[in-house]
Amino acid sequence: MLRSVLLVLSFAVVAVSHAGTYFDKLSSTEQNQVLSQGQQLAAFQPVSGKPWPQINLSQWSDASPEQVCGVFADFNIQKEYMGDMLKSETHKVSQNTYDVDYELAVPVVSNEVYTVRNVFSAYDNGQSY
């Protein structure tokens with residue numbers, strides 16, 4: 001059975017297909033949250049030498065891994081469906097690496113401006129992205 005899970009890492013994006021490498025690392029409770037309950041699962045892991053954690057988000061999708069990756073990787077339109085996002089502009093760094101500049105509207109104080117590096121790669125013998 002094909003199972004798609006969307007995995008977003010801070011500074012990297014990965015779409016995982018079928019019950020393989022990443023999905024198997026989730027506990028049975030976490031797998032149930034993602035599959036049966038349709039919840040988004042967030043897991044935070046400290047990163048040595050960094051003030052921010054690595055963030056893994058998992059969410060069930062009936063779409064194929066390629067479709068999920070395609071929608072997520074269309075960075076320039078993210079501002080159209082992400083609330084309060086004013087700007088999402090892509091800069092290609094290499095064949096599989098993209099920097100995306102964002103501007104988020106923040107009421108009362110100044111807008112938040114930041115850049116996220118997204119790296120796409122295949123693993124699991126080319127069955128996962």
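Which residues does Ser88 touch, not counting residues up to four places away in sequence? Keep that in mind while I set the scene. This is a predicted model.

Ser88 sits in strand β6, residues 85-94. Buried or exposed? Ser88 counts as buried, because its relative accessibility is 3% and the cut-off for buried is under 20%.

Now the answer on contacts. Leaving out residues up to four places away in sequence, Ser88 touches Phe75, Asn76, Ile77, Gln78 and Lys79. Val100, Asp101 and Tyr102 are on that list too.

Two of those residues also meet the Ser88 side chain through polar atoms. With Phe75, the partner is the backbone oxygen, 2.8 Å from a polar atom of the Ser88 side chain. With Lys79, the partner is the backbone nitrogen, and the Ser88 side chain reaches that atom at 3.1 Å.

Next, helix α4. This helix covers residues 78-81, and Tyr81 lies in it. Tyr81 has 47% relative accessibility, so Tyr81 counts as partly exposed. The range for that label lies between the buried limit, under 20%, and the exposed limit, over 50%.

Tyr81 also belongs to a surface patch. Val71, Ile77, Tyr81 and Met82 make a nonpolar patch of about 350 Å². Note Ile77: this residue is in the patch, and it is also one of the residues touched by Ser88.

Last, helix α3, residues 65-72. Which residues are buried there? Pro65, Val68, Cys69 and Phe72 are. They lie on the same side of α3, because they cover an arc of only 95 degrees around the axis.

Note on methods: Residues numbered from 1 in each chain as written. Predicted model: local features only at pLDDT ≥ 70, side-chain atom pairs only at ≥ 80, totals over all residues. Heavy atoms only, no water. Buried < 20%, exposed > 50% of the residue type's maximum accessible area, 1.4 Å probe, protein only. Helix = DSSP H or I, 4+ residues; strand = E, 2+ residues; numbered from the N terminus. Arc of directions from axis to C-beta. Polar contact = N/O pair within 3.5 Å; in protein donor to acceptor, adjacent residues only side chain to side chain. Contact = heavy atoms within 4.5 Å. Patch = residues over 30% accessible without salt bridge, like charges linked within 9 Å, V, L, I, M, F, W, Y side chains within 5 Å. Areas by Shrake-Rupley, 256 points an atom, 1.4 Å probe, with all protein chains shown as cover. Salt bridge = Lys/Arg side-chain N within 4 Å of Asp/Glu carboxyl O.
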